[in-house]
Every structure is written in C-alpha cells, then in structure tokens.
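Let's walk through this model together, from its sheet to its cores and its charged pairs. Please keep the view open as you read.

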Amino acid sequence: MAWGCAVCALLGGGALLALLVLLARWLRADGDLTLLWAEWRGKKPENELSGKVVWVTGASSGIGEELAYQLARIGALLAISARREDELERVKKKCLEISNLGEKDILVLRLDLTDRRSHEAATNSVLKHFGKIDVLINNGGRSQRSLFVDTNLDVFSAIMELNYLGTISLTKYVLNHMIQRKKGKIVTMNSVMGIMGAPLASGYCASKHALRGFFNSLRTELTDYPEISIINICPGPVQSKIIQNVFTEELSKAIENSGDQSHKLPTDRCARLTLVSTANDLKEAWISDQPYLAVCYLWQYAPTWAWWLMNKMGKRRIQNFKSGVDADVSYSRKNK
C-alpha cells in the first residue's frame, strides 16, 4: 500500500511539474501550443518547401516581403505579387542576393486584388512560367482605424472587396489547378481580429471573420482531396507597414505616421512561424506575443471573460483615439 501511494505521489508530482513547465512556456509564447510543438518536433520548412512553387500576394512590403526572403533562402521558387511593380522588383533583387535562386526562379507579377477580372489571367501567367502552383499565400489586404459611426459605408465596401472578395476570387482560380493535381496548400494571412472583435476595426474584423468562415467551410468541401491543405494564419500586432495604408473614415483620408512599432512581434518571427504552419499543414495558427495570445484563448474558451476584458480595453482605446493619442497611428484630418 505504501509503495502504491509513493508511486501515485511521484506520478502526481510529475504531472504537476509538467503543467508548470507548460504554463511557463505558454506565458512566454509567441504562438499557440500546437504551433510551437510543430516548430519543435514537426516538419521543417527547409525540407518541405524547397523547390516548391510559392505564390505570395502583398509581397511588396511587411509580412509578404519577409516571407519572400525566407522562402528564397530555403530554395522555393517564387511568384511575388502586389500593385507596386517597382517595389516587387526591389524585393526580387534582394531575394537573388540572399539566395541561390536565378532570374527565372522569381516571377514578378503585378496584381490588383480588387480587379477580379484579372485573376484568371494572373493565375495562368504563373502556371505558364512554372508549370504548377504548390502553395498560394493570400497575404494582400488592408487594415482599418475608424469608428463605425464616423465611417462612410464606401469604406466598408472597399474593405470587403479587397480583403475578402479579392482573396477568394484568386483562390478560386488557383484551387481549380490544385484540384486537377489533387494536391496543394492555400495559406491565408488572417488575423487575431478574425477570432475576436475590437474597436476601431469593425470593417477589418468583418472581413477577417468572413475569410475565416469561408476557408473553414471550404476545407469541409475538399475532403475528397486530402492533399489539399487549407491553412489559416492569425497574427496579432506585427511590425510592418500595414498601418501606413489603413482605411479610415473616408477613402481619401491620409495618415501622418505609423507610430512606434517596437512593442509588436518582429516580422521575421511571424514569417518563420507562418512557414512552420505551412510545412506542417496546420489548419489554424495563432501567432502573437502576450497578452494578445491570451485574449485569443479567452475568446475561444471563456468568451464571457473575453467580452468583459475587451470592453475595458476598448473604452480606453477609443478615448485615446478621440484625443489623438492612438497607440499605433496619428491621422491627418485635413479632408474631414
């Protein structure tokens, strides 16, 4: 009996120690636990994506630009798209400098996600150049900073046209090709805002919720194609230039500066975890520092607490926004 009690105590102590280690790791985490396990013990992007044809939209800056660099280093063949062709050429030049890729291994393809009539031709251009598309990374999009009551409805229309309709339009043409091959990966840069709600971003949240719902539904329609993966990436605040191009109260309204971004997750870390998620076919990955990561867990498992917390945080953020001390941006109100 005593021996049995000692074993039980030992097992209980071991379990408690494991939980404490897991808690300590979680408190310092910059990704959900499934993602961090995949990074530690899972497949490596260097092994899974080398030699693959990867099409990255929104590749002229921010996360998309960093994804292009990391993919180039591991030997992926790249199609990079955005509206600014000169910036894409700059990204291509750096990709060639930091990798063993040649000129023909990187295709610069100007693309406007809102011009849905051009998406079939763009897809055909990538296929003509490389013969296949192994991975599509839907990264293009814009954020928002404005109160709903002050915002023109044209802004909400533009957000949905770009972030949602533009993304699923391009996906449709690429997916047709992947279905023919019976394999491929569609990776969509969503956001923690696709999981929760937040003030000053009602239109952006709506577009990201729409994308999350769409791709979760699409995944259920592809059960006959087990080698086609639908992967949702949900980053929190990340160091990038996205804040310089946000939607505001009016389509023509400008932003003066992007504020201090030192508190946000480094872009290279976000890109690395995105590639880990892609290599391991994770259905959804949360990439964020604390406390944003904790809020995701609250929203998922304890929504009542999440609502209480977001109401407290939201009230303070709206007050800061109205007084002109928003943490992320300051606005030019010349056109208001």
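What follows is a short tour of the sheet, the nonpolar cores and the salt bridges.

This is a predicted model, in which local features need pLDDT of at least 70, side-chain atom pairs count only at pLDDT 80 or more, and totals for chains, interfaces and linings use all residues. Residues are numbered from 1 along each chain as its sequence is written, and side-chain values use heavy atoms, with hydrogens and water left out.

Let's begin with the sheet. Its 7 strands follow the order β3-β2-β1-β4-β5-β6-β8 in an open, parallel arrangement. Helices (H or I, at least four residues) and strands (E, at least two) are DSSP runs numbered from the N terminus, and two strands pair if DSSP finds at least two bridges between them. The edges belong to β3 (106–110) and β8 (284–287); each has a single partner strand, so one side of each is left without a neighbour in the sheet. On average, neighbouring strands are turned by 15 degrees against each other, direction ignored. Towards the β3 edge, strand β2 (residues 77–82) pairs with β3 in the parallel sense over 5 bridges, and Leu 78 stands opposite Ile 106 in β3.

Now move to β5 (184–189). This strand runs parallel to β4, with 4 bridges joining them, and Asn 138 has Thr 188 in β5 as its bridge partner. β5 also pairs with β6 in the parallel sense, over 6 bridges, where Val 187 is matched with Ile 231. The crossover from β5 through α8 to β6 is right-handed, as is the β-α-β unit made by β4, helix α7 (residues 153–181) and β5. Right-handed here means that, with the strands pointing away from the viewer, the path from the first strand over the helix to the second runs clockwise. In a regular strand the side chains alternate between the two faces of the sheet. Both faces of β5 are covered: Gly 184, Ile 186 and Thr 188 are buried on one side, and Lys 185, Val 187 and Met 189 on the other. Buried means under 20% relative accessible area, exposed over 50%, and partly exposed in between (1.4 Å probe, protein chains only).

Next, the cores. A nonpolar core is a set of buried Ala, Val, Leu, Ile, Met, Phe, Trp, Tyr and Cys residues joined through side-chain atoms within 4.5 Å. The largest has 39 residues, and Val 54, Leu 71, Leu 78, Ile 80, Cys 95 and Ile 137 touch the most other members. Helix α4 (residues 62–73) gives the most to this core, with 6 residues. A second, separate core of 30 residues includes Val 53, Ala 158, Ile 159 and Ile 186.

Finally, which residues are linked with Arg 269 in a network of salt bridges? They are Asp 30 and Glu 39. A salt bridge is a side-chain nitrogen of Lys or Arg within 4 Å of a carboxyl oxygen of Asp or Glu. Asp 30 and Arg 269 have their closest N and O atoms 2.7 Å apart. Asp 30 lies in the loop between α1 (2–27) and α2 (33–41) and Arg 269 in helix α9 (residues 267–279), so the pair ties together parts that are 239 residues apart in sequence. Glu 39 meets Arg 269 at 2.6 Å, N to O. Asp 30 is buried, at 11% relative accessible area, whereas Glu 39 is partly exposed, at 22%.

Definitions and conventions
Axes are lines fitted to C-alpha atoms, for helices over the stretch in contact, and angles run from 0 to 180 degrees between N-to-C directions. Contact means heavy atoms within 4.5 Å.
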